[in-house]
Amino acid sequence: MKTAAQLMRQSQLTLVFRVVCDSTQLGQTIVVTGSARRLGSWNPLQGLYLSTSQNEFPVWRSEPISVGQLQEDLGFPPCLEYKYVIVD
């Protein structure tokens, strides 16, 4: 029998970060940073960069990431802390 943590690591679930932000300037982007290594361990320069387009602005979104990629850092029960940061 597999544990919940093992099932999460094998999960095909994906996560997409999405935020509405119209306060960025030309040349800036939004980054998700947080408690998981995949999110930069609170270092915005190593976080997950979001993107937008002329048609989607002010909606910013990440590429899908596997929940399994985050599991190693989340513990059990899983707890993910994160924030959105505007970077130059």
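Is Ser62 buried or exposed? At 5% relative accessibility, Ser62 counts as buried, because the cut-off for a buried residue is under 20% relative accessible area. The model discussed here is predicted. The protein contains two helices and seven strands, and this briefing moves from the overall layout to the sheet, the nonpolar core and three loop residues.

**Overall layout**

- Along the sequence, the helices and strands follow the pattern α-β-β-β-β-β-β-α-β.
- The protein has 88 residues, of which 33% are buried.
- Of the contacts between residues at least 6 apart in sequence, 68% join residues at least 24 apart.
- The accessible surface amounts to about 5,900 Å², and carbon and sulfur atoms account for 52% of that surface.

**The open sheet**

- Three strands form an open sheet in the order β4-β3-β7, with antiparallel pairing.
- The edge strands of this sheet are β4 (48–49) and β7 (82–87), each of which pairs on one side only.
- In general, the strands of a sheet pair through backbone hydrogen bonds, in either a parallel or an antiparallel manner.
- Strand β3 (residues 29–34) is joined to β7 by six bridges, and the two strands run antiparallel.
- Within this pairing, Gly34 has Tyr82 of β7 as its bridge partner, while Ile30 is partnered by Ile86 of β7.
- On the other pairing, β3 and β4 are joined in the antiparallel sense over two bridges, and the bridge partner of Val32 in β4 is Leu48.

**Burial of strand β3**

- Strand β3 is mostly covered, as six of its six residues are buried.
- Thr29, Val31 and Thr33 point one way from β3, whereas Ile30, Val32 and Gly34 point the other way.
- The residues on both of these sides of β3 are buried.

**The nonpolar core**

- The largest nonpolar core has twelve residues, among them Phe17, Ile30, Val32, Leu39, Leu48, Leu50 and Trp60.
- The other members of this core are Val19, Cys21, Ala36, Ile65 and Leu70.
- In soluble globular proteins, nonpolar side chains tend to be buried together.
- Apart from neighbours within four places in sequence, Val32 is in contact with Phe17, Leu39, Leu48 and Leu50, as well as Gly47, Tyr82, Lys83 and Tyr84.

**Ser62, a buried loop residue**

- Ser62 lies in the loop between β5 (59–61) and β6 (65–66).
- Not counting residues up to four places away in sequence, Ser62 touches Leu15, Val16 and Phe17, together with Leu48, Tyr49 and Leu50.
- Of these contacts of Ser62, Phe17, Leu48 and Leu50 also belong to the largest nonpolar core.

**Thr24, a second buried loop residue**

- Thr24 is located in the loop between β2 (18–20) and β3.
- Thr24 has a relative accessible area of 12% and is therefore buried, the limit being under 20%.
- With residues up to four places away in sequence left out, the contacts of Thr24 are Ile30, Phe57, Trp60 and Ile86.
- Two of the residues touched by Thr24, namely Ile30 and Trp60, are members of the largest nonpolar core.

**Glu56, a partly exposed loop residue**

- Glu56 is found in the loop between β4 and β5.
- The relative accessible area of Glu56 is 34%, so this residue is partly exposed, a class that lies between 20% and 50%.
- Glu56 and Val20 are 36 residues apart along the chain, and their C-alpha atoms are separated by 9.7 Å.

Terms used:
Residues numbered from 1 in each chain as written. Predicted model: local features only at pLDDT ≥ 70, side-chain atom pairs only at ≥ 80, totals over all residues. Heavy atoms only, no water. Helix = DSSP H or I, 4+ residues; strand = E, 2+ residues; numbered from the N terminus. Buried < 20%, exposed > 50% of the residue type's maximum accessible area, 1.4 Å probe, protein only. Contact = heavy atoms within 4.5 Å. Areas by Shrake-Rupley, 256 points an atom, 1.4 Å probe, with all protein chains shown as cover. Pairing = 2+ DSSP bridges. Core = buried A, V, L, I, M, F, W, Y, C linked by side-chain atoms within 4.5 Å.
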